[in-house]
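Hi,

Here is the structure I promised to pass on. Have a look at it first, and then read on for what turned up when I went through it.

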Amino acid sequence: MVQKRMSPNLTISPRAVLVNTAFGFFVVISSTQSTFPETVHDESLNKQSEKCPPMLVKGRVQHATDCALVFITPDRTDHLLLPSTYTATDLDACLNNSVLAANLTELGSLAFNNDQIFVIKRKLGEIYPRGLPQEEIKKLGIIMTVYTIEEISQWNITDPSVLAEAVQNSGSAEMTNSLRSHYVKGLGVLDVNALNAIGGTMLCTASEEKLETISPTELRKVKPLDISTCSQTKKEIIFGIAKLAFQDQTGNLKTYYCSIKPYIGGAKAADLRNFAVSRINMDYETFEGLNPTEVEKLSAQRLRGLLGRNLNSLKENENQEIVRRWVRSHTAAEVMSLGIGLQRGRSSAGLGIFPFQDMVIPGYVLNSLASVKNSNLLPSIFIAVTGIILQYI
């Protein structure tokens, strides 16, 4: 056997030794990898993982800080660009209920769209589960437009200033009428704010007892109310209050008349006679709104003084009920004394002045009269003609 000997001149460098050692270590590790456990059972690590699992903590933080923008703080609630900056989803996430409750007036004045307003409405429902208090209704502003008639009917508004704000912010005529109707039927006070918000037409639906609570001082400050739809009794109640409200103006009847004119439908004949003395030149529209029963009590002279330069309007409207009633309740001489072409009227004997020129007698009656040869038929013919005449009286 020939034994090979390493040349004494051959030497191994330290660098080669390190490379060989590293390669050998890698081979050993690779061959034994399957023998290592897949999970390291370190109790300290497991406890740490239970206390703070990275993915779970991240999810909770994302849910708690859902706001993708900046939370809306009190000092930002009146920014005009808020509605265009925050979508409905952003508003839901970034507006805390506490901020909403404390800044409802400011938020209610911003131009939010319906989706955004519904978010605010829902949040208000969370804050006030038993319904909105009066002082909060007053602050709603544009938010009020998304409430339904049914929801509004549940509000108990007794404060006149709240009613005034609610009517101003209502989104429809139906909503406005609902607010007014519930107020007049409730316990709310009828002061100047309430009366202006309610208006004359809705005021006429109030009970007589409710109308009697109106203060003359408050009525004096109210914008003119149209009470033409009121019953006569209610007109008289309101007129009586108006007389007290403007009694300091009676020294100048024309000024007094201008102030009390909206409520004159409740005037008595005595009031109308007083106005007639001052020749107030009442227009026909106002005259038509008077109580016909009281107008019938006026003489031709008082009627002339009441209407003044508008007297001819009676002739122009001679077929209207109030004119016809006055004519029928006065003699023909009185009617003709007006000098405006009105005719008929009541005769001095109370039988009336019959308009023969307007009477139309059927042809068969005339033929019967022409062919009468038997006087026994005259009573029957007389009765027939009398019946025709009575239709004109």
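**What I found**

T286 is buried, as its relative accessible area is just 12%, and the cut-off for that label is under 20%. Bear in mind as you read that this is a predicted model. T286 sits in helix α19, which covers residues 284-288. Setting aside residues up to four places away in sequence, T286 touches Y257, K261 and I264.

V119 is another one to click on. This residue belongs to helix α8, residues 114-127. V119 has a relative accessible area of 10%, so it counts as buried too. If you skip the neighbours within four places in sequence, the contacts of V119 are A88, L91 and D92. L95 is also worth displaying alongside: V119 and L95 are 24 residues apart in sequence, with 9.8 Å between their C-alpha atoms.

Next, the helix pair. Two packed helices are described by the angle between their axes and by the distance between those axes. Here the pair is α11, residues 160-169, and α12, residues 173-185. Their axes lie 9 Å apart and make an angle of about 165°. That angle makes α11 roughly antiparallel to α12, because anything over 145 degrees falls in that class. As for handedness, α11 and α12 cross in a left-handed way.

Which residues meet where α11 packs on α12? From α11 there are P160, L163, A166 and V167, and from α12 there are T176, L179, R180 and Y183. Sorted by type, the residues of this contact come out as six nonpolar, one polar and one charged.

While you have α11 on screen, look at A164, which is found in that helix. Is A164 buried, partly exposed or exposed? A164 counts as partly exposed, because its relative accessibility is 27% and that class runs between 20% and 50%. Leaving out residues up to four places away in sequence, A164 touches N193 and A197. A164 can also be paired with L195: the two are 31 residues apart in sequence and 9.2 Å apart in space, C-alpha to C-alpha.

That is what I have for now. Shout if you would like to go through any of it together.

Cheers

Note on methods
Residues are numbered from 1 along each chain as its sequence is written. This is a predicted model: local features need pLDDT of at least 70, side-chain atom pairs count only at pLDDT 80 or more; totals for chains, interfaces and linings use all residues. Side-chain values use heavy atoms; hydrogens and water are left out. Axes are lines fitted to C-alpha atoms, for helices over the stretch in contact, and angles run from 0 to 180 degrees between N-to-C directions. Helices (H or I, at least four residues) and strands (E, at least two) are DSSP runs, numbered from the N terminus. Angles under 35 degrees count as roughly parallel, over 145 as roughly antiparallel, 65 to 115 as roughly perpendicular and the rest as oblique. A crossing is left-handed if the near helix is turned anticlockwise from the far one by less than a right angle, and right-handed if clockwise. Contact means heavy atoms within 4.5 Å. Ala, Val, Leu, Ile, Met, Phe, Trp, Tyr, Cys and Pro count as nonpolar, Asp, Glu, Lys and Arg as charged, and the others, Gly among them, as polar. Buried means under 20% relative accessible area, exposed over 50%, partly exposed in between (1.4 Å probe, protein chains only).
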